[in-house]
Amino acid sequence: MEKILNYIDGELRASTTGRWLEVIEPATATSYGQLSDSGDEDLELAVAAAQSAFPAWSRTPAEDRGRMLRRLAQKIEAMSEPLALAESIDTGKPITLTRKVDIPRAARNLHFFADAATQFASEAHYMEAGAINYTLRMPLGVVACISPWNLPLYLLTWKIAPALAAGNCVIAKPSEITPVTAWLFSRLCQEAGLPPGVLNILHGNGPGIGQAIVAHPGISAISFTGGTATGASIARTVAPEFRKLSLELGGKNPSIVFADADWEPMMAGVVRAGYSNQGQICLCGSRVLVESSVYEKFRDEFVTRVGALQIGDPLNEDTEQGAVVSLAHRDKILDCVEKARQAGGKILTGGSALEPDAERCRDGWFIEPTVIDGLAADSDCNQEEIFGPVVSLIPFEDEAQALSIANGTRYGLAASVWSGNIGRCHRLAEQLQAGLIWINTWMMRDLRTPMGGVKNSGVGREGGLEAMRFFTEPRNVCIKYR
Ligand code: NDP
C-alpha cells in the first residue's frame, strides 16, 4: 500500500503526528494508499525550510528560476503516462481526459511561467518636475497555495508556478481526497534538483492543516481554489491580518444557446461544457439557457446525446463519464437531484446512482448524467452549485431575458454564448457578470489571460502576468534629479 509523504525541505517525510488518512479510489471505493495527516509541527518545519530557502531563491536570476520550472515541466512530460494513470485512479475521471487535459496542462503551466519569469517587467514613470519613478516588484516571501480535488496536478501547478517564478517559496496543500499526483510531483522536484525548501507540500485535511497554513503568521499570501464557503472562511481568517488573498471559488455558469447558433458544434460544446469530468469543473455550464423557438428541438437532442455518454471504468479507453470523487460528494449530488425533483423539476434523463458494467467498479461512486427541466430560474437547482453531472435547462424569449437569467445568481465565474450573431455576442460579453466569457466555444484557455470570477466566485485573478503580479509586492522608488 502506497504511503504518501510530505515534501519538506527537499525530503519526503511522514507527518510528525504519526497519523494517516486513507486514500480511496472513487471508481472502486477501495483504499489504495495512506496519506500523511500533517499537523502544526510539520507546518513549522515547512515554514522554517521555506524561510531559509527564500533569500537564495529570490536572488536566483529569473532565467535560472525559469530553467528550473522548465525542467519540472519536462519531468512531467517524461512521466505523462504514469501520471495520467495515477490521476485517473485518484479522481475517478476518464484516463482519456487526464491524458489529454490534466497532465499536458500541468506541464504547460510550468513551461508558461518558465517563460514568464524572464518576461516579467516592472514599470517606470517620468515626471516633468524632474523625477523618475520606478516600481520594484519584490517577491513576497513564503506563500501558500491551496488547491482542490477536481483538477489536482493542473491546479497545483497553476498556482505554484507563478509563485516560484516570481521568486517566492511555497507551502502547497493539495486536497486530501486526491493527493497522489502532488506526491509524484514532489519526487520529480527531487529528481530535478529543486533547491530544498523552495517548494514544500503538506498533506492532510482542509479544516486541519489547511486552516493552520492559512492562519500561520509566516505566510505572506494565500492563493486558494475551492468552494465558496471555504473561501469565505479563509477570508475571515486572513482579513484582520491584511495578507494578500486570491480566491477562485465556485460557479453556476450559464451556457446560452440562441436559435441562430451553428447547431452541431454548439450541441457538442454544450454537452462537453455540462459533463466534462462528470460536471466537476468550476467552469462547467450547469445551466443551459435556450431560446424558446428551438427549446424543444434542443432539449430532445441534448437528452439523447447525454443519455448516450459512455459511463464506465475510468481506465477504459472508451469511457466518457467516470466516477464522482467521493461517496459524500455522490450523496450530495443525488440529494440536489432529489430536491430538484421535489421542487417540480422533471428528470429528463439520469437522476440516479449507477453500477457500471465493469466488475472492478461495482462498488464505485457513479451517477447517471442527468438533465432536468421545468424549474424556475430562481429555484435552488438553478442557483446553487451542484458540481456534478447535472444540467438544468431553462427557456428564454429574448436576449434581455437571457441576460437577466444568466446574471441572476450570486456567482459570476464563467459563461458561454452560442450564436451566429456577432453583434449580440459582443453585447452579451459586455453585460454578462462573469470573469470568463466564451463565444461559440468552451474552456478554450490562453494562459496569458487572467482567470477568475466576480461576485461570489472569488476575488483576484490568476493566470498570465496578473498571477506573477499577485505574488509580488510593488515598491515605488521616486528619484528627484533636478
Ligand atoms: P473545498 O473548498 O472543500 O477545498 C479546497 C481546498 O481547500 C482543499 O485542499 C481542501 O482540503 C482545502 N480546505 C478545506 N477547508 C479549508 C480551510 N478551512 N482552510 C484551508 N483550506 C481548506 O473545495 P473542494 O475541494 O470540494 O473543490 C470543489 C470546489 O472548488 C467547488 O466549489 C468548485 O467550484 C471550486 N473550484 C473553483 C475553481 C475556480 O477556478 N474558481 C476551480 C476548481 C474548483 P481537503 O480537501 O483536504 O479538505
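Okay, let's start at the ligand: the shell around it has 14 nonpolar, 13 polar and four charged residues. On those classes, Ala, Val, Leu, Ile, Met, Phe, Trp, Tyr, Cys and Pro count as nonpolar, Asp, Glu, Lys and Arg as charged, and the others, Gly among them, as polar.

Before I go on, a word on what you're looking at. This is a predicted model, where local features need pLDDT of at least 70 and side-chain atom pairs count only at pLDDT 80 or more, while totals for chains, interfaces and linings use all residues. Residues are numbered from 1 along each chain as its sequence is written, and side-chain values use heavy atoms, with hydrogens and water left out.

Back to the ligand. Which residues come nearest? Out of 31 around the ligand, they are Glu 176, Thr 230, Leu 249, Cys 282 and Glu 385; a residue is near if one of its heavy atoms lies within 4 Å.

Then the polar contacts, meaning pairs of N or O atoms within 3.5 Å; within protein, one must be able to donate a hydrogen and the other to accept it, and residues adjacent in sequence count only if both atoms are side-chain atoms. Ser 175 brings a polar side-chain atom to 2.8 Å from a ligand oxygen. Glu 176 uses a backbone N or O atom instead, 2.7 Å from an oxygen of the ligand. And a polar backbone atom of Gly 226 sits 3.2 Å from a ligand oxygen. On its own the ligand has 900 Å² of accessible area, and the protein covers 89% of that, going by the Shrake-Rupley method with a 1.4 Å probe, where for residues only the protein chains shown count as cover.

Where does the shell come from? Helix H7 (206-215), strand E11 (221-225) and helix H8 (228-238) each supply at least two residues, and H7 gives the most, with five. Helices (H or I, at least four residues) and strands (E, at least two) are DSSP runs, numbered from the N terminus. Zooming out, domain 1 (2-249 + 457-480) and domain 2 (253-446) each put at least three residues into the shell; those bounds come from an automatic or database domain assignment.

Next, salt bridges: a side-chain nitrogen of Lys or Arg within 4 Å of a carboxyl oxygen of Asp or Glu. How many are there in the whole structure? The search finds 28. One of them pairs Arg 243 with Glu 241, at 3.6 Å from N to O. Arg 243 is buried at 13% relative accessibility, whereas Glu 241 is partly exposed at 41%. For those words, buried is under 20% relative accessible area, exposed is over 50%, and partly exposed is in between (1.4 Å probe, protein chains only).

Another one joins Asp 446 and Arg 448, with the closest N and O atoms 2.6 Å apart. Here Asp 446 is partly exposed at 31% and Arg 448 is exposed at 61%. There's also a network, where salt bridges with shared partners link Glu 25, Asp 313 and Arg 360.

Last stop, a couple of backbone oddities. Asn 277 isn't a glycine, yet its phi is positive, about 50°. You'll find Asn 277 in the loop between helix H9 (263-275) and strand E14 (285-291), buried at 3% relative accessibility. Lys 455 also has a positive phi, near 50°. That residue is in strand E23 (residues 454-455), and Lys 455 is partly exposed at 34%.
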